[in-house]
Amino acid sequence: MIKFGTDGWRGIIAKDFTFASLEKVTLGLAAYLQEKYRAGAVVVGYDCRFLSEHFAETVAEILLKSGFDVYLPEKFVPTPYVAFAINKLKAIGGVMLTASHNPPEYNGFKFIPDYAGPALPDITDRLEQLINAGAVPSLKEKGKKLTLNLESAYVDHLKKLTGLNYGQGTVVVDPMYGAGQGYLEKVLTDFGYTVSTIRNYRDPLFGGSMPEPKQKELKPLVEAIKNKKADLGLALDGDADRFGIVEGERLFTANEVLILTYHYLIESGRGGDVARTVPTTHLLDKMARANGFNVIETPVGFKYIGKALREGAVLGGEESGGLSIAGHVPEKDGILADLLAVKIREFFKKPLTEVLEDVYTRYGRSYTRRDDYRTTPEQKEEILKRLSSLKLTEIAGEKVLRESRVDGMKWELASGSFVLVRASGTEPVFRIYGEAESEEKLDLLLNEIKMVVLGTVL
Ligand SMILES: O=P(O)(O)OC[C@H]1O[C@H](O)[C@H](O)[C@@H](O)[C@@H]1O
């Protein structure tokens, strides 16, 4: 049984993710594409993982035999680049072979439709149906196999979109052995920055860790920043759709990066509506309201943010590390987010830490946190049952103003704080998220919800 999770189908290589299961998935996709289009081109990209290029060949071969033209790159590419290529080539869609930031033993299959953002559930539901029913496409005259070669176009587009200028400074780039190698280096050296790079070769084992830009995994970047006396460190996850931005030893959370980006867009005259997922910081709401803009709240998943971006939001993002802006593809792009961080420093002429302080002074300070708790399938069932009947009027002594079930269960409190519990769609964990005006308060909120919801089960 194939299931598309929060972001595509993923599995352990050789156990679930095999050539045979990939063929089955691709046959279903080809049948889906034949249902929707008479002809067209499909972009097939792949990351640096074990066998990724061979998996991509398998996908390409089936699509070609189903009568579609296929664009295939000569080496690994970032996920946002595939989205960019779909847009540029007016392709009918794309496939990205990647397991993003998962451990090395995983690989994955992500379908990106013609609108160049993550597939929405109506599409993945139909795909699952076709795949699990063993659908096969009709054999057609073989399509054309073409080389995907839009790196320069993508780089030029990012240069224009970010509006970077010639600047000075030292930057360390850390693609974490992933598919984003070369892009940041190219843009920044072209603009006169001194760039040094670490972990910039293919290692399907990711140096024994995970290609995820988190504090623990970014120790080598922090070390390199110190050694090079660099102003900034810029990291990417395994397929470069997520970012890691570091000044000194400080890694900015995705919430902070979203706040900084929104502030920059507003102050540079590019303000507008903002889209965020339910657990993402409400400071964005305060900023939007203060400037006469709207907030679009969505369930977790960049597919929903992508939709809001297509409908006119100027910024869309999520606390898990996704960001894109108007004028770009509605897919999260870590390379774009990293370059925007450089632009923000350039624009405000100060370090990001100081820009963030200015934002807090203007709109109010807030602290966010997410705690993850591993559960067994039985525990998950029990917690979900408990959540469905839970009614809280007060949390940590504060009145609940609003309760919402857009995704999981969210309680918004009188002071503007919130707590949210939901089951992850990508890992066997429950996530408890919160935001409050002080760290002490945040602690109280998260602990109380942990006790009430997970307490006796875990
Ligand atoms: O909290 P989860 O359901 O595990 O999802 C966490 C994240 O997973 C993937 O990376 C998706 O692309 C994101 O859109 C999502 O936010």
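Good morning. By class, the residues forming the shell around the ligand comprise eight polar, four charged and two nonpolar residues. I should say at once that the model before you is predicted. The shell counts 14 residues, and those that come nearest to the ligand are D7, S320, S424, G425 and T426. Domain 2, residues 153-363, and domain 3, residues 367-454, each supply at least three residues to this shell.

Let me turn to the annotation. The UniProt record, an unreviewed entry, places the feature "domain: Alpha-D-phosphohexomutase alpha/beta/alpha" at residues 2-133, 153-248 and 255-363. In the model, the span 2-133 is 42% helix and 21% strand, and its end C-alpha atoms lie 10 Å apart. For residues 153-248, the figures are 29% helix and 20% strand, with the end C-alpha atoms 32 Å apart.

I shall close with one sheet. In what order do its four strands lie? The order is β13-β12-β14-β15, in an open sheet with mixed pairing. At the edges are β13, residues 295-298, and β15, residues 322-325, each of which pairs on one side only. From one strand to the next, the twist averages 15 degrees. Helix α10, residues 302-310, packs on this sheet and touches β12, β13, β14 and β15. The direction of helix α10 makes about 170 degrees with that of β14.

Finally, consider β14 itself, residues 315-318. Strands β14 and β15 run antiparallel and are joined by four bridges. Which residue of β15 is the bridge partner of G316? That partner is S324. Thank you for your attention.

Key
Residues are numbered from 1 along each chain as its sequence is written. This is a predicted model: local features need pLDDT of at least 70, side-chain atom pairs count only at pLDDT 80 or more; totals for chains, interfaces and linings use all residues. UniProt positions are given in the numbering used here, feature names are shortened, and annotations may be inferred rather than shown by experiment. Helices (H or I, at least four residues) and strands (E, at least two) are DSSP runs, numbered from the N terminus. Two strands pair if DSSP finds at least two bridges between them. Axes are lines fitted to C-alpha atoms, for helices over the stretch in contact, and angles run from 0 to 180 degrees between N-to-C directions. Two residues are in contact if their C-beta atoms, placed from the backbone, lie within 7 Å. A residue is near a molecule or strand if its C-beta atom, placed from the backbone, lies within 6 Å of it. Ala, Val, Leu, Ile, Met, Phe, Trp, Tyr, Cys and Pro count as nonpolar, Asp, Glu, Lys and Arg as charged, and the others, Gly among them, as polar. Domain bounds come from an automatic or database domain assignment.
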